[in-house]
Amino acid sequence: MSHKPSAIDAIANEYTAKVIELSPMTGSSTGLGERHDVLDDFSPQGLDAYTQLDRETLAKLDEVTPTDAVDEVTVAAMRERLGLSIELAEAGEPLRNLNNIASTSQDIRDLFDLLPTESEQDWANISARLGDVKRALGGHVESLRLAASRGQVAAARQVRAVAGQAHNQAGESSSFLALVSSPETQALPESLRKELAANAASAQAAYGDFANFLETELLPQAGEQDGVGRERYQLFSREFLGATIDLDETYEWGRERLAAIDAEQREVARELYGEGVSVQEALKRLDEEPRYQQHGTDALKKWMQETADAAVAGLNGTHFDIPAPLQRIECCIAPSSTGGIYYTGPSDDFSRPGRMWWSVPAGTTVFNTWQERTTVFHEGVPGHHLQLGMQTYLRDELNDWRRHLCWVSGHGEGWALYAERLMADLGWQDDLGDRMGMLDSQRLRAARVVLDIGVHTGKQRPSELAALPGVGEGKWDRDS
C-alpha cells in the first residue's frame with residue numbers, strides 16, 4: 001500500500017519552505033528557491049532564526065500522529081535532526097563555525113559554482129550576489145566575535161588555514177575573478193559586465209577583510225590545541241552519524257580495520273611487483289606507470305566523464321534501474337584549488353544535473369587514475385549521484401524535507417564507501433592498480449577513524465602505529 005500525503009508530510013514541507021526562506025543559498029542548491037540575488041544571513045540573529053524554526057516545528061510534530069511506517073520514519077528523523085540542531089545551537093556551535101573544509105566562507109565561495117549562467121538575468125543575479133558577499137561575511141564575523149567573547153574559538157591551525165583560503169579568494173587566483181572573466185560574459189551588455197567586475201572586486205575585497213579579521217583579531221584568541229575534547233567530539237559524532245557511539249569501541253574497530261586493509265594491500269603489492277615489495281614502494285611504482293596517468297585538467301575531466309558514463313551504462317538495467325534523469329552526471333573542474341573531490345546534487349527539476357567536482361591544487365598537472373577510479377564510483381554511480389539523485393527523484397514518495405534537507409553523513413558517506421567495495425565485487429576494479437587504489441581509499445578512511453578519535457579525545461598512539469617512522473609514543477597529535 002503506497003503512502004498518502006499526511007499531516008506530517010505537510011509539516012515537513014512547510015519546514016523546508018521556511019528553511020529556504022531563511023537560506024536563499026539552500027534554495028539555489030536545491031532548485032526550490034525564488035530569491036536568487038541575495039546570500040544568507042550568518043549573523044547571530046540570522047542563526048537564531050533557524051533554532052526558533054526548529055523548536056516550532058518539533059512542537060507541531062508533537063501534536064500529530066503518524067498514519068503509517070513512512071510517517072514514523074519522518075517523525076523519528078526530524079526529531080533527531082532538529083533536536084540535535086537545537087543542542088548544537090545551545091552549545092554555541094553555529095556561531096563559532098570555522099574550519100578548512102566545510103564552513104561559512106567555503107559555502108559562500110562554492111555557491112557560485114552552482115549558479116546558472118544561461119541568461120542575462122542569471123548573470124544579473126550572480127552580480128547581485130557578488131555584491132552581497134561583504135554583508136554575508138560581515139554577519140559571519142559578528143557570529144565569530146560573539147563566540148570569541150564566550151571563549152569559543154576554533155583551533156589556531158583552522159584559523160590560519162581559513163585565512164589562507166580567504167587570501168587566495170581575494171587575490172588573482174580568486175574563483176570570483178575567473179567567473180566574471182569567463183567567455184560567457186562577453187555576450188553580455190557592457191553595463192552588466194562592468195557591474196559584474198565591480199561586484200567581483202567587492203567580493204574579493206570582502207574576503208581580504210575577512211582574512212585580516214582572522215589573522216589580527218581571531219587568531220590571537222585561538223588555542224594551539226587541535227583536539228576539541230571528548231564532550232564536543234561526542235556531540236559532533238552524533239551530528240555526523242545520527243547515533244550515539246562508544247568512542248573507545250569505535251577507535252579499536254578502526255585499528256582492526258586498518259590492520260585488515262594493510263594485509264590486503266600487502267597481497268596486492270606482491271601480485272603487482274613480486275615478493276618483498278612494500279605497499280609504499282608499490283604505490284610509488286603505480287604513480288610512475290604511464291598507463292595510469294592523465295596529463296592536464298582537460299584530460300582529467302574527459303577521463304572522469306568517460307568513467308562515470310561507463311558506470312551508468314554498465315550498471316543500469318543489470319544491478320540497478322536508473323531513472324532517465326539520473327543517467328546524466330556532469331564532471332567538472334572546480335574553480336577553487338583546495339584539492340577536494342566532491343558531489344553536488346541535482347536541482348529539484350533536474351535542469352541542473354548532479355555534478356562531480358575536482359578541485360585541482362595549483363601546479364598539479366599529472367593525475368593517477370589507479371588511485372581515483374574508485375573516487376568516481378564514490379561520487380558518481382553507484383555512490384552519491386545514485387543515492388542523492390534517487391532521493392530527489394522520488395517526489396511522489398518522499399516529502400520535501402526527506403528529499404532535500406535530510407542528510408546524515410554516516411549514512412550518506414557510508415553508502416558511497418560501500419559503493420566503492422561494491423564496484424570491486426562486481427568486477428569493475430579487477431585491475432590490480434585500481435584495486436590498490438580502492439584499498440588505499442578504504443585505508444585512508446580507517447586511518448582517519450583512528451587519528452580523528454585519537455587527536456580529539458587525547459588517546460595514546462597504539463603500539464603498532466607508534467613504531468612507524470616519524471610517529472613514536474605519546475598522545476596523538478596533528479603531526480604524528
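This report describes the cores, the sheet, a helix pair and several single residues of a predicted model.

## The nonpolar cores

The largest nonpolar core of the model holds 40 residues, and those with the most contacts inside it are Ile 108, Val 133, Phe 210 and Leu 214. Five elements are listed as giving two or more residues to this core, namely helix H5 (104-114), helix H6 (120-149), helix H7 (156-170), helix H8 (175-180) and helix H9 (190-218). Of these, H9 supplies the largest share, with 11 residues.

Phe 210 gives a closer view of how this core is put together: when its neighbours within four places in sequence are left aside, Phe 210 is in contact with Leu 98, Ser 105, Leu 137, His 140, Val 141, Leu 144, Val 162 and Ala 166. Separate from this core there is a second one, made of 25 residues, which includes Ala 282, Tyr 292, Ala 424 and Trp 476.

## The three-stranded sheet

The model contains an open sheet of three strands, arranged in the order S2-S4-S3 and with mixed pairing. Strand S2 (329-333) and strand S3 (341-344) are at the edges and have a single partner strand each, so one side of each is left without a neighbour in the sheet. On average, and with direction ignored, neighbouring strands of this sheet are turned by 20° against each other.

The mixed pairing can be followed strand by strand. S3 pairs with strand S4 (residues 354-358) in the antiparallel sense over four bridges, whereas S2 pairs with S4 in the parallel sense over five bridges. Trp 358 of S4 takes part on both sides, being the bridge partner of Ile 341 and also the bridge partner of Ile 333. Elsewhere in S4, Met 356 stands opposite Tyr 343.

## Strand S4 and the helices on the sheet

Is S4 mostly covered or mostly open? It is mostly covered, since five of its five residues are buried. In a regular strand the side chains alternate between the two faces of the sheet. In S4, Gly 354, Met 356 and Trp 358 point one way while Arg 355 and Trp 357 point the other way, and all of them are buried.

Two helices that pack on the sheet can be described through the strands they touch. H5, which also contributes to the largest core, packs on the sheet by touching S3 and S4, and the direction of H5 makes about 125° with that of S4. Helix H14 (residues 369-379) likewise touches S3 and S4 as it packs on the sheet, and the direction of H14 makes about 20° with that of S3.

## The packing of H3 with H6

Two packed helices are described by the angle between their axes and the distance between the axes. For helix H3 (residues 44-61) and H6, the angle is about 80° and the axes are 8 Å apart, which makes H3 roughly perpendicular to H6.

Which residues of the two helices meet? From H3 there are Pro 44, Gln 45 and Leu 47, and from H6 there are Gly 139, Glu 142, Ser 143 and Leu 146. Sorted by class, this contact of H3 with H6 consists of three nonpolar, three polar and one charged residues.

## Single residues in helices

Asn 199 lies in helix H9, where it is buried, with a relative accessible area of 18%. Residues up to four places away in sequence not being counted, Asn 199 touches Ser 127, Ala 128, Leu 130 and Gly 131.

Asp 298, by contrast, is found in helix H13 (residues 297-315) and is exposed, with a relative accessible area of 68%. Asp 298 and Leu 196 are 102 residues apart along the chain, and their C-alpha atoms are separated by 27 Å.

## Backbone details in two loops

Most residues other than glycine have a negative phi, and most peptide bonds are trans. Phe 350, in the loop between S3 and S4, has a positive phi near 65° although it is a residue other than glycine. Phe 350 is buried, and its relative accessible area is 16%.

The other detail concerns a peptide bond: Val 381 and Pro 382 are joined by a cis peptide bond, with omega at about 10°. Pro 382 is found in the loop between H14 and helix H15 (384-393).

Methods:
Residues numbered from 1 in each chain as written. Predicted model: local features only at pLDDT ≥ 70, side-chain atom pairs only at ≥ 80, totals over all residues. Heavy atoms only, no water. Core = buried A, V, L, I, M, F, W, Y, C linked by side-chain atoms within 4.5 Å. Buried < 20%, exposed > 50% of the residue type's maximum accessible area, 1.4 Å probe, protein only. Contact = heavy atoms within 4.5 Å. Pairing = 2+ DSSP bridges. Axes fitted to C-alpha atoms, helices over the stretch in contact; angles between N-to-C directions. Parallel < 35°, antiparallel > 145°, perpendicular 65-115°, else oblique. Nonpolar A, V, L, I, M, F, W, Y, C, P; charged D, E, K, R; others polar.
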